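Here are some exercises to work through with the model open beside you. Try each task before reading its solution.

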Amino acid sequence: MPHRPESMMLTGPEAEIMNVLWNVGEATVAEVVERLPRELAYTTVMTTIRILEEKGFVANKGKRGRAFVYAAAVEKSAVTGSMTSEVANRLFGGSVKSLVLNMISDPKVNHEDLAEIKQLIEQLEARK
């Protein structure tokens, strides 16, 4: 029976697998392997999914043919919110503002990204 994860932190490979499951809804191990952004062995993905299932992030939804089907058991927003808070706590003294300022100062953030961020800030300000 799935349970709520004690910690909402994911390792890199766990996050890659969860992103696939959040995007497609349900998938077999082979389907997850096909959709990963990098090549990982089938057995590595299967082991990682079992770990995610034990932690409560993934639920076994039964079988499709001979393969088990898995789905995310937690909302992506719960994990991203928790991980953002953890990074802010660990690296920026708990300041989400400092985290955001650090992120948007990255040279990889281009003018279009900044325009989109400004628009989002204006929308958030309009709600307050």
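**Exercise 1. Find which residue of E3 stands opposite lysine 63, and describe how E2 and E3 are connected.**

Step 1. Lysine 63 faces phenylalanine 68 in E3. Helices (H or I, at least four residues) and strands (E, at least two) are DSSP runs, numbered from the N terminus.

Step 2. Strand E2 (residues 58-64) runs antiparallel to E3, and 5 bridges join them. Two strands count as paired if DSSP finds at least two bridges between them.

Step 3. The two strands form a hairpin with 2 residues between them, and glycine 65 in the turn has a positive phi of about 70°.

This is a predicted model, in which local features need pLDDT of at least 70 and side-chain atom pairs count only at pLDDT 80 or more, while totals for chains, interfaces and linings use all residues. Residues are numbered from 1 along each chain as its sequence is written, and side-chain values use heavy atoms, with hydrogens and water left out.

**Exercise 2. Work out the strand order of the sheet and say which strands stand at its edges.**

Step 1. Strand E1 (residues 26-28) pairs with E3 (residues 67-72) in the antiparallel sense over 3 bridges. Within this pair, alanine 27 is opposite tyrosine 70.

Step 2. The result is an open sheet of 3 strands in the order E1-E3-E2, with antiparallel pairing.

Step 3. E1 and E2 are the edge strands; each has a single partner, so one side of each is left without a neighbour in the sheet.

Step 4. On average, neighbouring strands here are turned by 35° against each other, direction ignored. Axes are lines fitted to C-alpha atoms, for helices over the stretch in contact, and angles run from 0 to 180 degrees between N-to-C directions.

**Exercise 3. Describe how H1 and H3 cross and which residues make the contact.**

Step 1. The axes of H1 and H3 come within 10 Å and cross at roughly 85°.

Step 2. The two helices are therefore roughly perpendicular, a class that covers 65 to 115 degrees.

Step 3. The contact (heavy atoms within 4.5 Å) involves Pro13, Glu14, Ile17 and Met18 of H1, and residues of H3 including Val45, Ile49 and Leu52.

Step 4. Now add the sheet: H1 lies across E1, E2 and E3, at about 85° to E3, and H3 lies across E2 and E3, at about 125° to E2.

**Exercise 4. Which residues have the most contacts inside the largest nonpolar core?**

Step 1. They are Ile17, Met18, Val32, Val45, Ile49, Phe57 and Val58, in a core of 20 residues. Such a core is a set of buried Ala, Val, Leu, Ile, Met, Phe, Trp, Tyr and Cys residues joined through side-chain atoms within 4.5 Å; buried means under 20% relative accessible area, exposed over 50%, partly exposed in between (1.4 Å probe, protein chains only).

Step 2. Helices H1 (12-24), H2 (29-35) and H3 (42-55) each give two or more residues to this core, and H1 supplies the largest share, 5 residues.

Step 3. Not counting residues up to four places away in sequence, valine 45 touches Ile17, Val29, Val32, Val33, Leu36 and Leu40.

**Exercise 5. Place alanine 73: where is it found, and what does it touch?**

Step 1. Alanine 73 is in the loop between E3 and H4.

Step 2. Its relative accessibility is 38%, so alanine 73 counts as partly exposed.

Step 3. Leaving out residues up to four places away in sequence, alanine 73 touches Gly56, Phe57, Val58 and Ala59.

Note on methods
Angles under 35 degrees count as roughly parallel, over 145 as roughly antiparallel, 65 to 115 as roughly perpendicular and the rest as oblique.
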